[in-house]
Amino acid sequence: MSPVLPLEPQERLGPYNLVARLADDRVFLAESPTGEQVVLRRLARPLDSRARDAVARIWETAAVGTAHILDVGRDYVVTEYVQGPTLEEEIAGRGPLTGTALHRLAIATATALASLHRASLHHGRVRPSKVVLGSDGPRLLNPDRTRPVTAFDEDRWRRPEEEEGPAADVFAWAAVVVFAATGSPPFDADADRRRSYGAADLGPMTGPLRDLVADCLAEEPDDRPAAEEALLRLLGHSGTLDTAIPDGTAPRTAPSPARRTRSRLPLLIGGAVALALVAGATGYFATPRTPRTVTVAAPTPTSPVASAPSVRPPTPVPTTGLSAISLPDDVGTVFEHPDDPIRLSSFQITTADDQRIPYARTGQGYTKTGDHYDLSVVSPDGRWLAKMNEFYLARQNQMDITFTDQKSGATFTLPTVNSPATAHYPVWSPDSRILLLSLWYTEDPDKTYPTGFMKIDPVTRKTTVVETFNRDDIAQFLALSANLRTESMAAYTWTPDGQGVASAYLTPLETFGLRLFDTDGRVLRSMHWVGRVSGQDWFSPSGDLLVTTGCETRFAACVWDAGTGERRGSVPAHEGQNLLGWFDETHLITARKDGDTYVAEVVDMTGKTVRVLAELHSRKGGVSQLFFTPK
């Protein structure tokens, strides 16, 4: 509580002796007729009937984690006296909370809100000044609804919507937890612009608490978890809430734990196993699936997000002296320069007769490497050519992958998964040693789900399957709508150092983020705020930057610091433009359809086209996949 200031002479209000002044001129330490120390709040105006009803309901509820109401008069409310500083005073005097102290605060205040919400009440004034750090744990003080909210207070803590209610309480709760962890509100600086970009300052917060707080700061009320769900996530498992918040009623069905589904990328387009990897190399620049899901919290930007990312000075891209390489079968032209940092190593296009045909760069230039639905990828060092058929179930019960050693010419085939499992999205490790594939499983035409990834070493000819989805994950995935399941089919790629793998995942708010694993499938880190990853090269050549889409309400790519998760800025785009990956540290590769021509281009960080990389003749509306490797 605030400092106790003696009163001289002592006053009385009703049956209470006013002993000292607390927070302001209207809050007092008082003595009850039985000698108990209590807090008496003199109201700015007498309670009307509506306010009396609300106070009576709070009084009857005796909400867990709040300072209980003991008595109500015409112009005062008496509550129990909780000794200790307010959260606002504690942070000002001793700095932000960390570790178990922060988690204890989050649980106690979430418990209080969940208890109020269960009684069909809401708080409406959740602020650091309303949280007291008592000797028996944090307590949430009940609000004085007769006191107007100041413009400054409202600006620092206000919810995006106008209405008070449980969802607004959850937003304010998350803001208070951020304040406890950082010493500042999450939208303190340039609040409106930060909200528009979802750029809340979450400071050093990490792990599940950070994920939960960010979810609670969603712009739309319907996108925030309820207080009960938030408490369940804090406690780490379901079935606890009815013990934590007894109310004498029948137990409620607890919300499902937070989903841990993992990604988007390839698209299912029909019954059984008719699989089309639309986003394997061509992820659309896009507005979010629905604009209301865009505002999720991100780490602290050093400044408000600018249009052009704050990266190193642009590297010159050669635009003259290009070689035009004609592709076989009149499928297009590749434009190269000796100083290019990357080259088109393989691709798959859709022909006029709707065949998906692969081509790859071999010692003899570009050659056709397979038939319908075959896909070929070349290792970064150029040694290995791997060929697979994503539609293998139409031919046989087992997926075989054919490896060609382009140095020796040796070719061999390794068996991998059997029906009804399928493997997709082949990606070579940076050191060219291991081929990574994403695994799906189809029980029936309407039950296809991701299971994990597979690693293949062509030197030792060893295949390793890593499952990242357990039974609960699969059940939660199948409970999604058909569209979300389509968007959330997992695809994995290597981390820049080749020591782990990364995958997009669907957050509990049905937005997309990035999750990092070790090579045994253990989750190392989650970046839930970044949006969709697209194309083949999510990370820049140095590994310092990450590019995503679907992170703004306009067509754009977002660039992030891959280490800190800090937003570096936005690259404007337009409808129909696809993100393929990185050309170098300061340029991206995008693609667009121009009739039956698929055009791959280099763009700078302002979205300006610098030059054309390739023009491929692919049937209008057909799938094209391009794979670039560093030279």
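In this predicted model, D561 pairs up with R568 in a salt bridge, and the closest N and O atoms sit 2.9 Å apart. The two ends of this bridge fall into separate accessibility classes: D561 counts as buried, at 15% relative accessibility, while R568 is partly exposed, with a relative accessible area of 25%. The cut-off for buried is under 20%, so D561, at 15%, makes it into that class.

D561 also has a place in a sheet. Strand β30 covers residues 556–561, and within β30 it is D561 that serves as the bridge partner of L545. The pairing of β29 with β30 is antiparallel and runs over 5 bridges. Zooming out, 3 strands make up an open sheet, ordered β29-β30-β31, with antiparallel pairing. The edges are taken by β29 (545–549) and β31 (567–572), each of which pairs on one side only. On average, neighbouring strands of this sheet are turned by 25° against each other, direction ignored.

Back to charged pairs: the structure holds 16 salt bridges in total. One of them links E601 to R592, with 3.0 Å between the closest N and O atoms. Here E601 is buried, its relative accessible area being just 6%, whereas R592 comes out as partly exposed at 27%. Salt bridges with shared partners also tie D431, R433 and D457 together into one network.

E443 and K447 give another salt bridge, again with the closest N and O atoms 3.0 Å apart. On the acidic side, E443 is partly exposed at 45% relative accessibility. On the basic side, K447 has a relative accessible area of 30% and is partly exposed too. Exposed would take over 50%, so E443, at 45%, stays in the partly exposed class.

Elsewhere in the chain, H337 is found in a loop, the one running between β13 (332–336) and β14 (342–350). Is this loop residue buried or exposed? H337 is buried, because its relative accessible area is 14% and the limit for that class is under 20%. As for its surroundings, leaving aside residues up to four places away in sequence, H337 touches P318, T320, G321 and L322, and also R611 and K631.

Technical notes: Residues are numbered from 1 along each chain as its sequence is written. This is a predicted model: local features need pLDDT of at least 70, side-chain atom pairs count only at pLDDT 80 or more; totals for chains, interfaces and linings use all residues. Side-chain values use heavy atoms; hydrogens and water are left out. Helices (H or I, at least four residues) and strands (E, at least two) are DSSP runs, numbered from the N terminus. Buried means under 20% relative accessible area, exposed over 50%, partly exposed in between (1.4 Å probe, protein chains only). Contact means heavy atoms within 4.5 Å. A salt bridge is a side-chain nitrogen of Lys or Arg within 4 Å of a carboxyl oxygen of Asp or Glu. Two strands pair if DSSP finds at least two bridges between them. Axes are lines fitted to C-alpha atoms, for helices over the stretch in contact, and angles run from 0 to 180 degrees between N-to-C directions.
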